[in-house]
Amino acid sequence: MSTAALILAAGESKRFGAPKQLAVWQGRPLLEHVVERVRGWPQVQSVYVVLGSRAEQIMETVDLSQSTVVENLDWAEGVASSLRAGLDALIGDRTAERALIALGDQPLVPDGVIPRLLEAGRRCGRPVVIPRYRFVRGHPVLVDRSLWPRLIAGVAGDLGARNLFLAHPEWVEEVLVAETAPRDIDTQEDLDDLHG
């Protein structure tokens, strides 16, 4: 099955105090690390990056040359608007049969997670596969193309698809992961503490 990756990176970074997409980590912008890592995930044929706040500045600074950039003009609404914009762009990609939805501020998704999500997606027959890191659901989330229109129509606010998935447990297969969830970079302290 053809897999596209969708990186949500449109936020304003209020808590960070500056565009965290551009925050320098290990000599390069944080978002560039995320994009490079996602490109290396198994079976990912295409990478889409959703930008919003400071989109022009990010495009000028971050190497997105091997990605498709989707600009979310409604980014201030929250993560749901980025999910809608990204999935809408993916619907136009006739080759993509499923999407790995990742966050632009999580550069250290454990290596073994992606193959396990893809395998569960093949095996379970459900349209959504979510990793459960010990006791909490996290990202990336694998979503089958058949569900994209429903998500576009049904998500709102800053929780993305979380409430929709909770309301429809029959859609969801969980994959148990022994590691802790990948860290979100919300503050400069989070970035300073990041190891990888």
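1. Helix 3 of this predicted model has a regular length: its 13 residues, counted at 1.5 Å a residue, should span 18 Å, and the C-alpha atoms at its ends do lie 18 Å apart, so expectation and model agree. Within helix 3, the buried residues are Ala80, Ser81, Ser82, Leu83, Ala85, Gly86, Leu87 and Leu90. The elements that cover these buried residues include strand 1 (3–8), strand 4 (44–51), strand 5, strand 6 and helix 5 (148–154).

2. Trp75 belongs to the loop between strand 5 (68–71) and helix 3 (79–91), and its relative accessible area of 26% makes it partly exposed. When neighbours within four places in sequence are set aside, Trp75 is in contact with Ala10, Glu12, Gly52, Ser53 and Ser81, and Ser81 is itself among the buried residues of helix 3. A further pairing to look at is that of Trp75 with Leu51, since the two are 24 residues apart in sequence while their C-alpha atoms are 8.0 Å apart in space.

3. Helix 1 is largely enclosed by the rest of the structure, because seven of its ten residues are buried. The buried residues are Leu30, Leu31, Glu32, His33, Val34, Val35 and Val38, a list in which the charged residue Glu32 may catch the reader's eye.

4. What does the side chain of Glu32 reach? Glu32 is found in helix 1 (residues 30–39) and, at 14% relative accessibility, falls under the 20% cut-off and therefore counts as buried. Its side chain reaches the backbone nitrogen of Asp63 at 2.9 Å. Once residues up to four places away in sequence are excluded, Glu32 touches Thr61, Val62 and Asp63, so that the polar contact with Asp63 is accompanied by contacts with Thr61 and Val62.

5. On enclosed space, the count comes to one cavity of 30 Å³ or more, and the largest cavity has a volume of about 60 Å³. Its lining is made up of Val34, Arg37, Val38, Trp41, Ala102, Leu103, Gln106, Pro107, Val109, His139 and Pro140. Helix 1 and strand 6 (98–103) each supply at least two residues of this lining, and the largest share, three residues, comes from helix 1. By class, the lining of the largest cavity holds eight nonpolar, two polar and one charged residues. Two of the lining residues, Val34 and Val38, also appear among the buried residues of helix 1.

6. His139 and Pro140, both in the lining of that cavity, are joined by a cis peptide bond with omega of about -5°. Pro140 lies in the loop between strand 8 and strand 9, and these two strands each supply at least two residues of the lining of the largest pocket.

7. Open space is represented by the largest pocket, in which about 1,300 Å³ of space lies. Of the 43 residues that line it, those closest to its centre are Val79, Leu103, Asp105, Asp158 and Asp184; Leu103 is also one of the residues that line the largest cavity. Helix 3, strand 6, strand 7 (128–133), strand 8 (136–137), strand 9 (141–144) and helix 6 (162–167) each supply at least two residues of the pocket lining. By class, the lining of the largest pocket divides into 21 nonpolar, ten polar and twelve charged residues.

8. Asp186 is placed in the loop between strand 10 (172–177) and helix 7 (188–192), where its relative accessible area of 17% makes it buried. Leaving out residues up to four places away in sequence, Asp186 touches Arg15, Phe16, Lys20 and Asp105, and Asp105 is one of the residues closest to the centre of the largest pocket.

9. Two residues other than glycine deserve a check of their backbone angles. Gln26, in the loop between strand 2 (24–25) and strand 3 (28–29), has a positive phi near 50° and is partly exposed, with a relative accessible area of 49%. Gln43, in the loop between helix 1 and strand 4, has a positive phi near 70° and, at 34% relative accessibility, counts as partly exposed.

Methods. Residues numbered from 1 in each chain as written. Predicted model: local features only at pLDDT ≥ 70, side-chain atom pairs only at ≥ 80, totals over all residues. Heavy atoms only, no water. Helix = DSSP H or I, 4+ residues; strand = E, 2+ residues; numbered from the N terminus. Buried < 20%, exposed > 50% of the residue type's maximum accessible area, 1.4 Å probe, protein only. Polar contact = N/O pair within 3.5 Å; in protein donor to acceptor, adjacent residues only side chain to side chain. Contact = heavy atoms within 4.5 Å. 1 Å grid on protein atoms, 1.4 Å probe; cavity = no way out; pocket = protein on both sides within 12 Å on 5 of 7 lines; lining within 4 Å. Points joined across faces, edges and corners; volume = space filled by probe spheres on them. Expected span 1.5 Å × (residues − 1).
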